[in-house]
Amino acid sequence: MKFKHMILFLFGAAVIFSCTAAPQPLVVMTHDSFAISESVISAFEEEHGVELTFLPSGDAGSTLNRAILSKDAPVADVLYGVDNTFLSRALSEDLFLPYTPDGFENLVADVLNFPGNQLTPIDFGYVCINYDKAYFEEQDLDVPQTFDDLLDPTYSGLLVVQNPATSSPGLAFLLATITEYGPEGYLAFWEGLKENGVVVANDWETAYYTNFSGSAGEGSQPMVVSYGTSPAAEVIFAEAELETSPTASLVGANMCFQQIEYAGILKGAEQEALAKKFMDYMLSEEFQNDIPMNMFVYPVNRLAEIPREFIEFAQVPKKPAILDTDLIAENRETWIASWRELFTN
Amino acid sequence: MLKVIDLEKEYEGKPLLCGVSFEVGADETVCLLGRSGGGKSTILRIIAGLEEAESGQIFWEHQNLARIPAHHRSFGLMFQDYALFPHLDVFENIAFGLRIKKLDSQYINERVAEVLALVGMDTFGQRSVHDLSGGEKQRVAFARAIAPDPKMLMLDEPMGALDRTLRDQLLKDLQSLLAVTDIPVIYVTHDQEEAFAVADRILILNDGQIIQEGTPQDVYSHPKDLWVASFLGLNNRLSGRIVELDPFTVETPIGSFEIDCPSGEYRIGSSVELLFMDIQICQTIKTQGNTFPAEVTGHRFQGYDHKIKICIAGKFDADLITDHALHPGEIIQVSINTQSVLCFAKGKQHENC
Amino acid sequence: MARIVHQLMAIRTKDRLNRLVLLIPVLFLLSFYFFPMIKIAYRSLMQTDSLFALKGENMRIAWRSIRFSFLQAFLSTVITACLGVPAAYLFGRFIFPGRKIMRLISTLPFILPTVVVAAAFNALVGKNGWINLFLMRFFDLSQAPIQLFGTLGAILLAHVFYNTSIFIRVVGTAWERLDTNTEDAARVLSASPWQTFKKVTFPLLLPSILSAVLLVFLFDFTSFGVILLMGGAQFATIEVEIYIQTTQFLNLRLAGLLSLIQLFFSIITSLISKRLDNAPFVPIIPASIEKALRKPDTRRKKIFVFFINGILVILIAMPLGALILRSVLTSENIGSYGTLDFSLANYQRIFVNERDALFFVPPFTALRNSILFALAAMAISIIMAICVAVGSSWSSRAGKIMDVFVMLPLGTSAVTLGLGFLLAFSASRAMVAYFPVLIPVAHSLIALPIVVRIIQPALQAIPSNQHDAAITLGVPYARLWWKLDLPMIKKPLITAAIYAFAVSLGEFGATTFLSRPEIPTLPVAIFRYIGLPGQENYGKAMAMAVILLLACTAGFVAIENLQDIPVRE
C-alpha cells in the first residue's frame, strides 16, 4: 500500500510541476555520448540566466529519429549530434532554422565543406584502425600501411571491424573503404578481407573490449576499428603513468574516415533567442576547449587548445577519407545491404 | 504372511522407531494404535517401500522385501489425506493401478464399476475429485487402494479428517467392507474406538515400540502398563502400598483391597498403582465389604449415555458411565469389584527408545 | 431465507467487483501500451518517403530474420529447459547447504545488461579469461582453446545464463507445492518412478512448465542485446532488423511491418501454449508444502544434487565471480595468473568526478534511483497482476483475452514501443521533462507478463469453496480476499516481486529514451564508462556492474524475507 501512495504522489507531483509557470529551460537534444564539463555549462547558465536541460536520446540515428518524429512539436530547442553520414538526411527533413553562429569564421578548413547554414559543425574526429603495439613487436610484424596490406595473409584473423548496420564507426570504416576503392570496387576488397579472416563485431564496445588485444579486455585481435583519439585515451585513462601509448592508429591514405558532428536549432523551438546564444557558445573557445577531454574528438574552432595527450599520442591522418554527403545519403542503404549480404552467408 | 522384524528408524536425528516387530496373518485385520506422530504412518510407509528403515527386515511369505521397490510390492495403501490424483476423475483415479499393470480395458471397466458399487458410489465415475465431500473422497481412496487386488491393505488414519457423525457412519461401512475382504489389513489410528471396532488384533505403539499386543478384549481388560491403560481411557486409579503378599493386599487411602496376585516381583511396602476396571453404582443401599459412598462432582451428557465424575470416599476421583443423569452434589453408593482390579508397579514399564 | 438472499447478493458483488477490478489493468494497458502502439503504427503507415518498404530484398532480409529468430529462440528454450527442469526438481524437492544462496545467484543474471554479461564471459572464457589461461597452462597449449564470441553457441549460452532462473523459480515453486503423497500413492499403485513422473508429476507440473517455456521462448524470440553482443554480424533476429531499419535507415514502414510480424508470432505462440495447458488447477493444501523438501537420502539423489549444483556454479556463479574478481584486480595482473594484486581502486574512482563531467553519475545516487524505480515498478506490476488474476475469474473468456493482452508487451519490439512512447507522451515539453515518472510504468509493462504468469495460476489454485463459507458469514469480499487468499499465494507473490524488481533494476534498452541525466540509474552509468577506451573506464564499468549485482542481491534478500512477516492464515 505504501508504494501505491508513492506512485500517486509522484504522479501528482509531476502534474503539479508541469502546471506551474517555472522559467522554461533551454533544452538540448543530444546523443548518448555527449559529454561536457559542469563548469562550462554553468558559465553559460549564469551568463544568460537560464537553465540548460539535456536530453540524451540514444545513438546518432536514434537521436535524429526522435527529432524527426517530434518535428511538429519539437521537444528541444537545439539538436546536437547529427554526423556527416546523416547530414543530407537531416537536412532533407527540414528540421532546422538557418543560423550562422558567431565564431563561424574560426572554423578549421577541414569542416567547411557542407551545404547551407541550417547545421553548424561543432567537432570532428577520425575513425581509424588502432593497433596493439606490443603484439606487433612480439610477433615481429610490420604494421600495415594501406588497405591493400590488410589483405595480406600475414594479417589473417588479426583485424576486428564493426557491422556498419549497427555501429557508427563500423559505417565510417565501410565508407572509408568506399572512398578508397569506389562504389564499384569496395565489395571485392571486403571479400578479400572476409577470406583473410576479418572478425566482425556488432558494436564498438564488443570490438574494443572483447576482441581487441590492446585494451583492458585483452582479446585476440591486435587491430580494431576505433577512433583516432583512442590511443590518447589509453594513456589518459591508464591505471599507471605511461610514457607512450600502448596503441596507435593506422593513418595511411583514406584509412581514416573523417566524422564531423553538427548542431542546429530546431524549427519551432520555444527558446529561439537563447538557442542562438547557445549555438554561439558551442563555437566559443571556452566550450571548444572543453570538448576534447570529454568527447575525445577535435574542436572545430582553430583557436581552441588541443590537449597535450592528443598531440603526443593521437595520430592525425594527412589524407583522411572524405565522402560527399549527398552520395552517402543516396547510397547508404544499398552499400550497407550489400555488405550485409556478403557477411550473412 | 507379513513379518516385520526389528524396525529401527530415526527422524531428524532423534529415534522414531526402536525395534518394532510384529506379524500379520492372512485374513487378519491388525490395528496399530498409538499417539499421533508416534511413527505409525512411518511403519506403513516402510512396509509399502516408500521409506527405508535404518535397520530391520520385512518379510512377505518368507521373502525378504529389502530389494523390492515400492512399485513391485502390490500392497494397497490408503493415505491419511487420501492423496487422490487431482488431474484425474474418480474413474481414472480408481483405474490408475489397473492401467499401470496394463490390464485389459474391459476388465478395467468392470472392476472399477465393481469397486465403485462396493463403496456405494456407482454414479460418481465421471466426477472430478475436487467436488467430492470428505466422506466421498475417503471412499474413492479406499476403492482406489483395493481395485488392483492388493496382497495386503494398509489404511493410514482413514477417519482422520472427518467429523464425528460422518466417522461413525463410515466406520460401520468400513467394518463391513473389511469383513468382506480376505486379505491381511493393517489399520493405523490414534483413536481406540476405531481400533476396537475393526481390529482382530491390536498393537499398541508408544515410544517407537510395540508395548502390547492382543485382541481388543485382551488388551482392554489386561492393559500391560499404566500408559496403555491411560491411552485406552482407563483412568480410575489409586496409589497404594503393598501390605501383604499372600493374599495380595494393597492399602489405599480408601481402604485395603485383596486382589489377584499380579505377575512380576513385588515386595511388601512397595508403592503400586491400582487400576479399577469395574466400579458400579449400587442399586440398593447395602453397606457391604466393597461399597463406598461417593459424591458426584461432574456430569457430561454424551448422547446416549452419561459420563459422571465422582469422588469416592472423599479421596478417590473416578469416572463412571451411566444411563441416566446424575448431578453434582448427589451422594451415591458405588461398589468396587475387587476381581477386576489390576496392579501395576509405579513408573514406566517400558524403556525409552 | 435471509441467508440465501445474502449469499446471492454477495456473489453478485463478487462479480461486480471482479469486473471493476479488471478495469484497472485494462486501462493501464490501453494508456501505456495500445495508445503508444497505435501512434507509432499510424506514423509508420504515413511515412511516404520510403521506397524501400516492400522491395524484394527487404522481404528476403525480413524472412531470414524471422527464421533465425525462431531457430535461436527454439534452441535456446530447449537447452534452457534441459537444465531448467532438473534444476527446478533440485530446488523443488531437496534441502541442501547453500540452497537459498544458489537460488539467489541463479536469478542474478536477469538483471545484468548484456554488456556486463559479455564482459563477465570475457573475463572467464575470453582469450585471456581465467578458464582459457588455466586450460592453456594445464594442457600446454599455445592458443586459447575456447573461442566463444561471435558464435551461435555464445548466443545460446547467454540465453541459458539469463533464463534458467525462470524455470527454477516458476517450475520449482510449483514442484515444491506438489503433494508428495500423490506421487507416493502412484508408486504404491505399481507405478515405477518414471511412470510416476509421466502420469502424475508431469501432468500436474505442466501448467507451470508451459508458463516457463512460453516466457523463456518469448524472451529469447525478442532478444536484442544478446544477439548483438554475443553473436556477430551474421546473426539477425527480427528485433535486430527492426533496430537497424529504424536507427540506420529511418525506415519506419519496414520497421513497423516487422514489429507487427514479431507481435503476430508472439501472440500465436501464446495461444498455442494456452491450448496445450488443459490441466485443471491443483488446489493447495498448505500443510503439505513443508513435507515436500527433504534432504537427499539415497546415493543417486546425492549425486544428482551435486551434479546440478555443479553445472549451475559453472554456468552462472563463475561468470559472476569472474566479473567481481575483474573489478578488484588491476589490469597488469589479468594475463598473469601468478600474483593477484587486489585493489579497490576502481570502486574509489567511480565516486570521483575527475573531469568535472556534467553527466557524472554519483554511484549512490544512481543506486538509490535504480532501487526506487525498481520498487515502484514492482508495486505497479504486482497490483496490476493481482487485478488481472482476480478480474479474470469473472469469466473464462475475459481471462483468456486478458492473458493474451498481458503477454503483448513481451512480444513487442522494444525499439518500436520506445518510439511509440515518444510519440504518445511528447505532447508538451513539460510532459517530456517529467518522463522519468514513466520509467517505472514502462518497466512494469515489461515485467507484467512474467508477474501475471506467476501469480495467476497460484490464485486460481485456491479452492473456491474457501470463499463460500466466509461469504455466508457476511464477511465483505475484499476483506476476505485480503485475509484468506493473499496469505495463500505468499510464495508466488514473492517470486513475482523478485522478477519485477530484477527486470526493472537491469532494464536499459527499451527505456533509455525516458531517462534523464538528472535522474541517473546504474545501467546508464555502466554504459557511459564502457563507451570510452582506457583501463580506468573499463574498471569503473566493472565496479558499477558489481554494485548493480550487490544492489540486486540485497533487494532479493529483502523481498524473500518479506514472506516471513506473519500473516494470519
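## Chain contacts and the model as a whole

Contact here means that heavy atoms lie within 4.5 Å. By that yardstick, residues 24 or more positions apart account for 65% of the contacts in chain B with a separation of 6 or more. In chain A the share for residues 24 or more positions apart is 75%, and in chain C, among contacts between residues at least 6 apart in sequence, 82% join residues at least 24 apart.

Keep in mind that you're looking at a predicted model. Its overall scores are ipTM 0.85 and pTM 0.85.

## How the chains meet

Which chains share the most contacts? There are 2 pairs of chains that touch, and chains A and C have the most contacts among them. Chains A and B, on the other hand, do not touch, and their nearest C-alpha atoms sit 35 Å apart.

## Chain A: the overall look

Chain A mixes 12 helices with 11 strands. Lay the C-alpha atoms of chain A along the principal axes and they fill a box of roughly 65 × 55 × 45 Å. How does the radius of gyration of chain A fit with a compact globule? For 345 residues such a globule would come out near 20 Å, and chain A has 22 Å, which agrees.

Of those 345 residues, 61% count as buried. The accessible surface of chain A is about 13300 Å², and 53% of it belongs to carbon and sulfur atoms. As for charge, chain A carries 16 positive and 50 negative charges, and the mean positions of the two groups are 8 Å apart.

## Chain A: two spots to zoom in on

Start with helix H3 of chain A, which runs over residues 60–69. How many of its residues are buried? The count is 10 of the 10, so helix H3 is largely enclosed by the rest of the structure. If you'd like to find the buried residues of H3(A) on screen, they include Ala60(A), Leu64(A), Arg66(A) and Leu69(A).

Next up is Phe310(A), found in helix H11 (residues 308–313) of chain A. Is Phe310(A) buried or exposed? With a relative accessible area of 1%, Phe310(A) is buried, because the cut-off for buried is anything under 20%. Leaving aside neighbours within four places in sequence, Phe310(A) is in contact with Thr229(A), Ala232(A), Ile236(A), Pro292(A), Met293(A), Phe296(A), Val297(A) and Tyr298(A). For a sense of distance, take Val82(A): it is 228 residues from Phe310(A) along the chain, and the C-alpha atoms of the two are separated by 24 Å.

## Chain B: strands, helices and confidence

Chain B has 20 strands and 8 helices. Its C-alpha trace spans about 75 × 45 × 35 Å along the principal axes. Buried residues make up 50% of the 353 residues in chain B. Chain B exposes about 16900 Å², with carbon and sulfur atoms supplying 47% of that area. There are 32 positive and 50 negative charges in chain B, and their mean positions are 4 Å apart.

How sure is the predictor about chain B? The mean pLDDT of chain B is 85, and 96% of its residues reach 70 or more. Among the elements of chain B, helix H2 (residues 90–100) has the highest mean pLDDT, at 93, while helix H5 (residues 164–180) has the lowest, at 80.

## Chain B: two unusual backbone angles

Most residues other than glycine have a negative phi. Against that background, a couple of residues in chain B are worth a look. Ser74(B) has a positive phi near 55°, and its place is in the loop between strand E5 (63–64) and strand E6 (75–78) of chain B.

Asp149(B) also has a positive phi, near 50°. Where is Asp149(B)? Look in the loop between helix H4 (134–146) and strand E7 (152–156) of chain B. Asp149(B) counts as partly exposed, at 48% relative accessibility.

## Chain C: helices and no strands

Chain C has 23 helices and 0 strands. Of the 569 residues in chain C, 60% are buried. The accessible surface of chain C comes to about 22700 Å², and carbon and sulfur atoms account for 69% of it.

The average pLDDT of chain C is 81, and 86% of its residues score at least 70. Where in chain C is confidence lowest, and where is it highest? The low point is helix H19 (residues 465–472) of chain C, with a mean of 66, and the high point is helix H7 (residues 180–188) of chain C, at 91.

Key
Residues are numbered from 1 along each chain as its sequence is written. Chains are lettered from A and ligands numbered from 1 in the order in which they are written. This is a predicted model: local features need pLDDT of at least 70, side-chain atom pairs count only at pLDDT 80 or more; totals for chains, interfaces and linings use all residues. Side-chain values use heavy atoms; hydrogens and water are left out. pLDDT is the predictor's confidence in each residue, from 0 to 100. Helices (H or I, at least four residues) and strands (E, at least two) are DSSP runs, numbered from the N terminus. The radius of gyration is taken over C-alpha atoms; the globule rule is 2.2 Å times the number of residues to the power 0.38. Buried means under 20% relative accessible area, exposed over 50%, partly exposed in between (1.4 Å probe, protein chains only). Accessible areas come from the Shrake-Rupley method with a 1.4 Å probe; for residues, only the protein chains shown count as cover. Lys and Arg count as positive and Asp and Glu as negative; His and the chain ends are not counted. The place of a charge is taken as NZ of Lys, CZ of Arg, CG of Asp or CD of Glu.
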